[in-house]
Amino acid sequence: AAGAFKLAVSEIVFGRNPTTDGVILGGPPVDNDAINIEGEYTLWRLAGFCAMISIGLAMLCLHSLRLTMMVFWIALLGAGMAIASVFFTGQTCDAVLLSMPALVLVLGMSGAIHIVNYYHDAIAESGLEGAPGRAVKHALFPCTMASLTTALGLGSLCVSNVLPISKFGVYSAIGVLATLPLLFLYLPSLLSYFPSRKFAQLHAGAGIQEPKET
């Protein structure tokens with residue numbers, strides 16, 4: 001205890017004598033590394049909050065765990081494609097760009113929920129058979145226009161002289177557009193393999209019969 005007290009007094013009076021073992025870094029390299037570490041933590045926190053809120057809202061809208069997992073999976077793939085586009089174009093992520101996947105995830109879930117609602121409308125109108133195709137037909141124009149206008153708005157950030165903001169706009173627009181094929185091709189395929197039979201029974205009882213083989 002006495003030795004520790006003397007050491008503390010000595011450091012107060014004469015200053016601490018730091019060890020020189022290894023390489024000592026300071027300045028911008030240390031700052032950049034700290035920003036990268038904090039950016040990764042922020043990404044996981046933001047992704048977690050977005051996932052919980054998105055799944056909760058989807059459950060409120062769809063009232064089905066199966067459909068909620070479908071739309072979440074579609075949105076997750078869209079966010080993954082947006083991140084992959086950064087790698088395949090030879091760029092790197094920064095603190096601003098790390099918030100881009102959460103944005104693409106939310107927009108992707110919004111589009112997927114619209115497709116599911118069109119799908120349920122198609123079931124109520126004409127039955128279960130062919131409902132995914134009719135849903136895509138109804139959703140093709142509005143969902144495409146919504147994605148295009150959103151991508152144009154985000155892409156306009158590319159004129160910014162601040163590189164992180166410019167990259168955020170470009171890759172967010174790429175992510176939004178990359179989600180469209182998933183909405184119009186992959187999601188209807190999932191709905192075909194895992195149809196909403198209970199919904200059909202409640203709203204279009206005659207439409208739950210499977211198509212006859214020819």
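Ser172 lies in helix α6. Helices here are DSSP runs of H or I with at least four residues, numbered from the N terminus. Ser172 counts as buried, at 0% relative accessibility. Buried means under 20% relative accessible area, exposed means over 50%, and partly exposed is in between (1.4 Å probe, protein chains only). From Ser172 to Phe184 the step is 12 residues in sequence and 19 Å in space, C-alpha to C-alpha.

This is a predicted model, in which local features need pLDDT of at least 70 and side-chain atom pairs count only at pLDDT 80 or more, while totals for chains, interfaces and linings use all residues. Residues are numbered from 1 along each chain as its sequence is written, and side-chain values use heavy atoms, with hydrogens and water left out.

**Residues in the helices**

Leu67 sits in helix α3. Leu67 is buried, because its relative accessibility is 2%. Pro142 belongs to helix α5. Its relative accessible area is 34%, so Pro142 is partly exposed. Thr42 is found in helix α2. Thr42 has a relative accessible area of 37% and is therefore partly exposed.

The table sets out C-alpha separations for pairs of residues.

| Pair | Apart in sequence | Apart in space, C-alpha to C-alpha |
|---|---|---|
| Leu67 and Ala47 | 20 residues | 20 Å |
| Thr42 and His120 | 78 residues | 37 Å |
| Pro142 and Asp33 | 109 residues | 44 Å |

**A loop residue**

Where does His63 lie? His63 is in the loop between α2 (28-62) and α3 (65-88). Its phi is near 55 degrees, a positive value in a residue other than glycine. His63 is exposed, because its relative accessibility is 66%.

**The surface**

Phe14 is placed in helix α1, which covers residues 2-14. Is Phe14 buried or exposed? Phe14 has a relative accessible area of 70%, so it counts as exposed. Phe14 also helps to make a nonpolar surface patch of about 610 Å², together with Phe5, Val9, Ile12 and Val13. Patch residues have over 30% relative accessible area and no salt bridge; like charges are joined within 9 Å, and nonpolar side chains (Val, Leu, Ile, Met, Phe, Trp, Tyr) within 5 Å. A salt bridge is a side-chain nitrogen of Lys or Arg within 4 Å of a carboxyl oxygen of Asp or Glu. Accessible areas come from the Shrake-Rupley method with a 1.4 Å probe; for residues, only the protein chains shown count as cover.

**An aromatic pair**

Rings of Phe, Tyr and Trp (its six-membered ring) pair if their centres lie within 6.5 Å; planes under 30 degrees apart are stacked, over 60 edge-to-face, and the rest tilted. By this rule there is one aromatic pair. Phe87 and Phe88 form it edge-to-face, at 5.4 Å centre to centre with 70 degrees between the planes. Both Phe87 and Phe88 are exposed.

**The largest pocket**

A pocket is an open set of points on a 1 Å grid over the protein atoms alone, where a 1.4 Å probe fits, with protein on both sides within 12 Å along at least five of seven lines; lining residues have an atom within 4 Å of a point. The largest pocket is lined by 15 residues, and Leu107, Ser110, Gly111, Ala146 and Ser147 lie nearest its centre. Two or more lining residues come from each of α4 (100-126), α5 (131-155) and α6 (163-193). Helix α4 gives the most to this lining, with seven residues.
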